[in-house]
Every structure is written in C-alpha cells, then in structure tokens.
Amino acid sequence: MEKLKLLVIEDNPDDAVFISRLLKKSKTCRFDLSYASRFSEARRLLVENNFDAIVLDLSLPDGRGEDLFSKVYYRNLMRPIINFRDQI
C-alpha cells in the first residue's frame with residue numbers, strides 16, 4: 001500500500017481531526033500526516049520536509065485566501081495543494 005506524506009495546514013483542531021479520520025478510511029493509501037495551525041509553522045515544516053501534498057485551510061490567523069495559497073505554492077512547487085475551507 002502506498003504511503004503519502006501530507007502537511008495539513010489547519011487552525012481548527014476539530015477540522016484537523018475530521019481530515020485525519022477521513023484519510024484513515026482510505027483503502028488504497030496510507031498517510032503520514034504533519035500538522036501546522038499557523039502559516040509560520042507550516043513555512044518551517046515545508047523547509048524541513050518533502051511533502052507529497054498539502055491540505056490548506058484558506059483562512060488562518062496569519063494568512064488568508066489567495067496570498068496564503070501563493071506563498072504555499074511557491075514554496076512547494078509541483079506539489080498538489082488541496083484547499084480546505086470550513087465556511088460556506
């Protein structure tokens with residue numbers, strides 16, 4: 001079974017737990033998850049690790065929307081970014 005290394009950038013602990021539980025249900029892939037609740041934390045993890053993909057909350061205490069997406073994209077070129085938003 002394939003194992004992917006994901007960075008979950010999410011400031012809401014309930015949403016982080018939801019994402020973790022959802023991914024654990026996969027029957028085709030396992031996930032090695034790292035978490036950051038602020039973009040400043042995520043920036044450090046992105047420098048120190050090589051992630052296969054990122055789950056990104058677009059509304060963090062220290063970053064919002066397109067600016068945050070651009071910062072993550074340019075730091076992590078060629079990696080899939082899944083935008084996560086807990087608001088409608």
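Let me start with strands β1 and β2, which run parallel and are joined by 8 bridges, and I should say at once that what we are looking at is a predicted model. Within that pairing, K3 stands opposite R30 in β2, and further along, V8 stands opposite Y35 in β2. To get from β1 to β2 the chain passes through α1, and the resulting β-α-β crossover is right-handed.

On its other pairing, β1, which covers residues 2–9, meets β3, residues 53–57, again in the parallel sense, this time over 4 bridges. Here V8 stands opposite V55 in β3, while I9 has L56 of β3 opposite. So that you can place V8 in your mind, please keep both of its partners in view: Y35 in β2 and V55 in β3.

Now let me put these pairings into the whole sheet. Which order do the strands take in the open sheet? There are 4 of them, in the order β2-β1-β3-β6, and the pairing is parallel. The edges are formed by β2, residues 29–36, and by β6, residues 81–84, each of which pairs on one side only. From one strand to the next, the twist averages 25°.

Two helices can be described against this sheet. Helix α1, residues 13–24, packs on it and touches β1, β2, β3 and β6, with a direction that makes about 165° with that of β2. Helix α2, residues 39–48, lies across β1, β2 and β3, and runs at about 130° to β2.

Stepping back to the protein as a whole, we have 3 helices and 6 strands, and reading from the N terminus the elements run β-α-β-α-β-β-β-α-β. The radius of gyration is 12 Å, close to the 12 Å that the globule rule gives for 88 residues, so the protein is as compact as a globular protein of that length. Along the principal axes, the C-alpha trace spans about 35 × 30 × 20 Å. If we take the contacts between residues at least 6 apart in sequence, 72% of them join residues at least 24 apart.

That brings me to the interior. Of the 88 residues, 36% count as buried. As general background, nonpolar side chains in soluble globular proteins tend to be buried together. In this model, the largest nonpolar core has 15 residues, and those touching the most other members are L7, I9, F39, A42, I54, L56 and V72. At least two residues of this core come from each of β1, α2, β3 and α3, the last of these being residues 65–75. The largest share, 4 residues, is supplied by α2. There is also a second, separate core of 7 residues, and among its members are L6, V8, L23 and F84.

I would like to finish with two single residues, beginning with L23. This residue is found in helix α1. Is L23 buried or exposed? The relative accessibility of L23 is 18%, and because the cut-off for buried is under 20%, L23 counts as buried, although I would ask you to note the value itself. Leaving aside neighbours within four places in sequence, L23 is in contact with L6, F31 and L33, and L6 is also listed with L23 in the second core. For a sense of distance, L23 and V47 lie 24 residues apart in sequence, and their C-alpha atoms are 24 Å apart in space.

The other residue is A53, which lies in strand β3. At 9% relative accessibility, A53 counts as buried as well. Which residues does A53 touch, if we do not count those up to four places away in sequence? They are K5, L6, L7 and P80. With R30, which is 23 residues away along the chain, the C-alpha separation of A53 is 13 Å. L6, then, is a residue to look for in both neighbourhoods, since it appears among the contacts of L23 and is touched by A53.

Terms used: Residues numbered from 1 in each chain as written. Predicted model: local features only at pLDDT ≥ 70, side-chain atom pairs only at ≥ 80, totals over all residues. Heavy atoms only, no water. Pairing = 2+ DSSP bridges. Axes fitted to C-alpha atoms, helices over the stretch in contact; angles between N-to-C directions. Contact = heavy atoms within 4.5 Å. Right-handed = clockwise from strand over helix to strand, strands pointing away. Buried < 20%, exposed > 50% of the residue type's maximum accessible area, 1.4 Å probe, protein only. Core = buried A, V, L, I, M, F, W, Y, C linked by side-chain atoms within 4.5 Å. Rg over C-alpha atoms; globule rule 2.2 N^0.38 Å.
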